[in-house]
Amino acid sequence: MIDEELVQLLTPEGERVENSEYESTLNGDEIFSFYRDMVIMRRLDNESTSLQRQGQLALWAPMQGQEAAQIGAGRALAPMDFTFPTYREHGIAWCRGVPPENMLRLFRAVSNGGWDPQKYRHSVPTVVLGSQTLHAVGYAMGIQRDGAEEAAMAFFGDGASSQGDVLEAFVWAASFNAPVVFFCQNNQWGISTPSTVQSKIPLYHRSHGFGFPGVRVDGNDVLAVYEVSKRALDSARVGGGPTLIEAYTYRIGAHTTSDDPTRYRIDAEVEVWKHRDPVERVKALLVREYKVKNADFDDVAAEADTMALKLREDVLAMSRPDPITMFDDAYAAPHPLIEEGRREMIDLGISGGEL
Amino acid sequence: MATTTMTMAKALNEGLRRAMEKNPKVLLMGEDIGRLGGVFRITDGLQKDFGEDRVVDSPLAESAIVGTAVGLAIRGYRTVCEIQFDGFVYPAFDQIVSQVAKLHKRSDGAYLMAMVIRIPFQGGIGAIEHHSESPEPYFAQTAGLRVVSPSTPNDAYWMIQQSIEHDDPIIFCEPKSRYWEKGEVDLETPPAGLFDALVRREGTDVTLVGYGASMKTALRAAETAAVEGTSIEVIDARSIAPLDIEVMAKSLEKTGRVVVVQESPHTASVGSEIISELTQRCFYSLKAPGLRVSGYHVPYPPTRIEEDYRPTVDRILDAVDRVMGFES
């Protein structure tokens with residue numbers, strides 16, 4: 001179907017695959033916990049779509065279909081690593097410990113960020129495509145100067161791979177041998193633009209032209225994504241330089257809730273990818289190899305439902321911010337135009353805030 | 001008072017050196033800034049003394065110079081980016097406007113975007129296209145940024161250090177045509193705060209405001225006008241964003257007439273903002289409408305004719321005559 005060099009450790013049917021380069025190091029409990037993460041993320045993702053449809057969010061960027069890519073990479077990270085996401089990395093945010101309600105503050109339009117990026121070591125979302133890849137490389141250059149055994153991980157998609165910033169990030173990472181892993185989720189579509197328009201060669205081949213390794217992994221196989229990510233991160237932390245990982249996956253849903261994918265892609269394609277579902281194949285493995293009981297799966301589903309309910313409550317409780325908060329943190333140091341704006345807003349009675 | 005005479009280029013070099021000695025988190029990054037010392041030699045000798053990790057010769061990509069400085073800022077470093085020429089800053093425009101200016105806000109204050117983006121700007125060196133522009137209005141208009149410009153070696157020495165120590169991102173516009181002119185530098189006491197305007201010459205008839213390379217032209221115009229009996233007060237804005245409008249307003253209350261000189265075209269310019277603010281604050285003191293002496297609304301011309309584009313003493317004096325001759 002896809003590329004012969006695709007790293008896969010688990011077939012869509014949940015059967016293990018031998019790979020000459022990689023083998024799974026995860027035990028049954030760990031695989032079950034990965035499964036749990038993916039189920040929770042799918043449930044929260046669906047809840048968020050519902051919240052948008054009900055008018056409670058301005059927008060939502062669904063991640064359905066990309067759970068294995070994100071949980072596999074997210075779980076491979078060490079606590080001190082630092083991640084640089086786009087607006088669709090809800091699974092990475094989850095793995096970094098960002099509370100789900102914080103992920104939705106951007107989409108509820110009450111914040112342009114949503115969480116403390118230094119606390120979770122997970123940067124705020126970058127909406128302009130590809131910008132964050134340079135931030136990751138710069139951060140990695142800081143790691144080098146601090147002599148730390150840490151890595152930065154930059155997330156982007158097949159669409160962003162055409163951005164100049166991403167290619168500049170590749171140049172710099174190679175030139176400085178920066179401890180950074182570029183994690184490209186090729187979900188096949190940049191809104192309506194197919195990935196074949198972004199690149200005439202497999203995306204992971206691009207790194208070779210820049211002088212560092214590239215790997216294509218089955219992005220719907222959480223075991224493979226985990227191993228490939230872990231090896232790349234381990235290498236980066238000890239001076240091995242950058243790696244490009246292309247997680248070959250599929251965006252089952254729309255680009256965002258404002259998008260209508262039926263205008264540009266056929267149902268049959270979506271159906272093919274639904275058969276490669278990242279969650280079902282892990283479940284099949286857990287049943288066959290680890291004899292996990294239905295009751296255990298039911299417990300996870302119930303836990304996810306509870307979290308979705310809490311997420312809904314938290315979102316509904318997010319009220320319109322006092323307008324005067326727009327002046328907070330626009331600058332780090334006092335600024336006359338900030339003071340002027342605050343004063344005007346208070347004088348006009350727009351805000352009940354205090355100077 | 002320990003003063004010494006040096007060029008603006010040397011003053012910037014000494015200021016950078018002192019900032020790097022004081023704070024090990026200060027890095028320099030840019031094209032050709034290491035072994036070569038920069039095309040203007042502003043960073044001459046610094047890589048030899050501070051090493052390649054702190055004075056980083058970068059690949060040739062402006063967006064990456066600024067974009068990686070963002071990542072370094074997140075990690076706690078203060079990077080001084082050198083953009084080789086004004087016309088080369090536009091590849092970095094997206095990173096500056098969408099990321100550098102906004103990330104402190106987007107992170108609810110968790111990130112400091114402490115960095116300095118040095119841009120040699122304005123014309124007067126007879127260069128080819130893209131080497132003589134005045135991009136400062138683009139940045140002055142962007143919330144989250146601050147824009148400053150020294151006009152003397154003393155200001156250059158102090159303002160570069162004050163910019164590096166500041167917690168907000170600073171666009172640092174260096175008047176490249178003045179790099180090789182000498183002046184007194186006080187090594188102990190800064191002349192003013194980073195965002196303070198300074199009165200360079202006192203006068204009573206007209207307030208003349210400028211910044212960067214225009215200051216020398218403005219001061220020459222004031223000298224000439226004095227011979228003809230017109231007393232001009234010359235103010236160096238120094239900070240373009242935010243503007244120190246109080247100092248200008250105080251002067252205008254006295255003179256009742258204002259002329260702003262700048263090399264950028266005058267539409268939506270720093271001069272537009274200065275005159276608008278001053279008109280609002282000093283309306284009843286005005287004896288004439290404020291005038292701008294600017295570059296024309298054309299792409300920067302081939303430099304054989306650049307002195308007919310840049311504000312000259314004659315054009316400034318013409319504006320002075322007009323505000324002096326205005327009768328309500």
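**Exercise 1.** In this predicted model, find which residues I83(B) touches, leaving aside those up to four places away in sequence, and decide whether I83(B) is buried or exposed.

*Solution.* Start with the contacts. I83(B) touches E62(B), F88(B), V89(B), A92(B), I117(B), R118(B) and I119(B). Next, place the residue in its chain: I83(B) sits in the loop that runs between β4 (78–82) and α4 (93–100) of chain B. Now count neighbours. There are 25 other C-beta atoms within 10 Å of I83(B), and the cut-off for a buried residue is 20 or more, so I83(B) is buried. As a last step, try a distance: from I83(B) to P137(B) it is 17 Å, C-alpha to C-alpha, with their positions 54 residues apart in sequence.

**Exercise 2.** Describe the fold of chain A and judge how compact it is.

*Solution.* Begin with the secondary structure, which amounts to 14 helices and 7 strands in chain A. The radius of gyration of chain A is 21 Å, close to the 20 Å from the globule rule for 355 residues, so chain A is as compact as a globular protein of that length. Then look inside: 46% of the 355 residues of chain A count as buried.

**Exercise 3.** Work out what chain A brings to its contact with chain B.

*Solution.* First the totals: 32 residues come from chain A and 33 residues from chain B. On the chain A side, α5 (117–120), α6 (131–146), α7 (164–176) and α14 (336–347) each supply at least two residues. The largest share, 10 residues, belongs to α6(A). Finally, sort the chain A side by class: 17 nonpolar, 10 polar and 5 charged residues.

Technical notes
Residues are numbered from 1 along each chain as its sequence is written. Chains are lettered from A and ligands numbered from 1 in the order in which they are written. This is a predicted model: local features need pLDDT of at least 70, side-chain atom pairs count only at pLDDT 80 or more; totals for chains, interfaces and linings use all residues. Helices (H or I, at least four residues) and strands (E, at least two) are DSSP runs, numbered from the N terminus. A residue is buried if 20 or more other C-beta atoms lie within 10 Å of its own, exposed if 12 or fewer, and partly exposed in between; C-beta atoms are placed from the backbone. Two residues are in contact if their C-beta atoms, placed from the backbone, lie within 7 Å. The radius of gyration is taken over C-alpha atoms; the globule rule is 2.2 Å times the number of residues to the power 0.38. Ala, Val, Leu, Ile, Met, Phe, Trp, Tyr, Cys and Pro count as nonpolar, Asp, Glu, Lys and Arg as charged, and the others, Gly among them, as polar.
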